Amino acid sequence: MTAEAEADAPVLLRTRGRAAHLTLDRPRALNSLTLPMIRRIAEALDAWEHDPSVGTVVLTGAGERGLCAGADIRLFHDDARSGDGSRSEAFWRAEYRLDARIAHYPKPYVAVMDGIVMGGGVGLSAHGSVRIVTERSRVAMPEVGIGFVPDVGGTYLLSRAPGELGTHLALTGGAIGAADAVLCGLADHHVPSAALPALLDDLATSPADEAVARHARPAPDGELAGQRTWIDACYAADTVEEIVDRLHAYGDPAPKDAAETLLAQSPTALKVTLAALRRARAFTTLEQALDQEFRVACAALATPDLPEGVRARIIDKDRTPHWSPATLAEVTPAEVDRHFAPLGARELGLA
């Protein structure tokens, strides 16, 4: 590839010493993912696995705002409107397979989660073997806000967070900083953002664990550890309705704010998300969760909430989605169960 062509690519590939670098390169779109980007990353990982000169893979994002804001969700809106769905299914199929590939990559995979890391960005980073956050990190799985469900293995990761922290993050879609990302199992080490250039230099000549150990520092204090009491008490309920009731009744401002946040999300997405998280707790592999998430994603594409949520968020940008059904009480158990129905020949089939 010529230097000019590489400069125009959505993912830049380069090597520095023993480290091979993947740089997501759509900074104006906060490095949101497209199918060509996913395929390019997968091809690079395949090549580097068998390259003896590559000791470590490093993932970063171009620009100042963050690593990756997730998928380019306009695709889901357009696909749902057209009634076809094939492009979205192809995207999810490739994305989830890549997430599983990253989770089992045989060489150190260092994800630099500086700035905003959401949705599909979490999939590319939180399954890696070395996950770096900074004081600038804002990590989130905000899918319920667009009528969708945490995917890219998010239900697997969040179902394994301490207590009910993962349920809280999945249902509110809230963003967390470095210390909370480590607490919830989404990251491993905090490196100050000013030290990242030195870390990247170090990775060119040193094994990943040694380089990270030289630059890691204690993270600034987080918030979730001090909120465990009400989070665990409220989110342990069996239904979203009861969770909301417990949050409202708890008596403190933070749980009440969380309840109001929940009530602004897609009622269908909330109920399906809670069911997916509870099911994921029983899984023994990431692949089981990804298979389930593929079923849920394909089902969500046939609901009115996903295209409506994307419309309100990025197309019209009015931030006032009209959910259908509009209330939790109207979302039936049958509708929730429909999201988990087998797909036959269309199954992802990772597990």
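Here a biologist asks a modeller about the sheet, cavities and pockets of this predicted model.

Modeller: Welcome! In this predicted model, local features need pLDDT of at least 70 and side-chain atom pairs count only at pLDDT 80 or more, while totals for chains, interfaces and linings use all residues. Residues are numbered from 1 along each chain as its sequence is written, and side-chain values use heavy atoms, with hydrogens and water left out.

Biologist: Which strands stand at the edges of the open sheet, each with a single partner strand?

Modeller: Strands are DSSP runs of E with at least two residues, helices are runs of H or I with at least four, and both are numbered from the N terminus. Two strands pair if DSSP finds at least two bridges between them. The open sheet has 6 strands with mixed pairing, in the order β1-β2-β3-β5-β7-β9. One side of each edge strand has no neighbour in the sheet, because each has a single partner; these strands are β1 (11-16) and β9 (189-190).

Biologist: What is the bridge partner of V112 in β7?

Modeller: Strands of a sheet pair through backbone hydrogen bonds, either parallel or antiparallel. Here β5 (residues 109-113) and β7 (residues 130-133) pair in the parallel sense over 4 bridges. In β7, V112 has as its bridge partner I132.

Biologist: What angle does the direction of helix α9 make with that of β5?

Modeller: Helix α9 (residues 196-203) packs on the sheet and touches β1, β2, β3, β5 and β7, where contact means heavy atoms within 4.5 Å. Axes are lines fitted to C-alpha atoms, for helices over the stretch in contact, and angles run from 0 to 180 degrees between N-to-C directions. For α9 and β5, the angle is about 170°.

Biologist: Which helix gives the most to the lining of the largest cavity?

Modeller: On a 1 Å grid over the protein atoms alone, a cavity is a set of points where a 1.4 Å probe fits but cannot get out, a pocket is an open set with protein on both sides within 12 Å along at least five of seven lines, and lining residues have an atom within 4 Å of a point. Among the residues lining the largest cavity are T268, A269 and V272. With 3 residues, the top contributor is helix α14 (residues 267-280).

Biologist: How much space lies in the largest pocket?

Modeller: Grid points are joined across faces, edges and corners, and a volume is the space filled by probe spheres set on the points. This pocket is lined by 28 residues, with S32, A69, A71, I73 and I314 nearest its centre. The space in the largest pocket is about 670 Å³.
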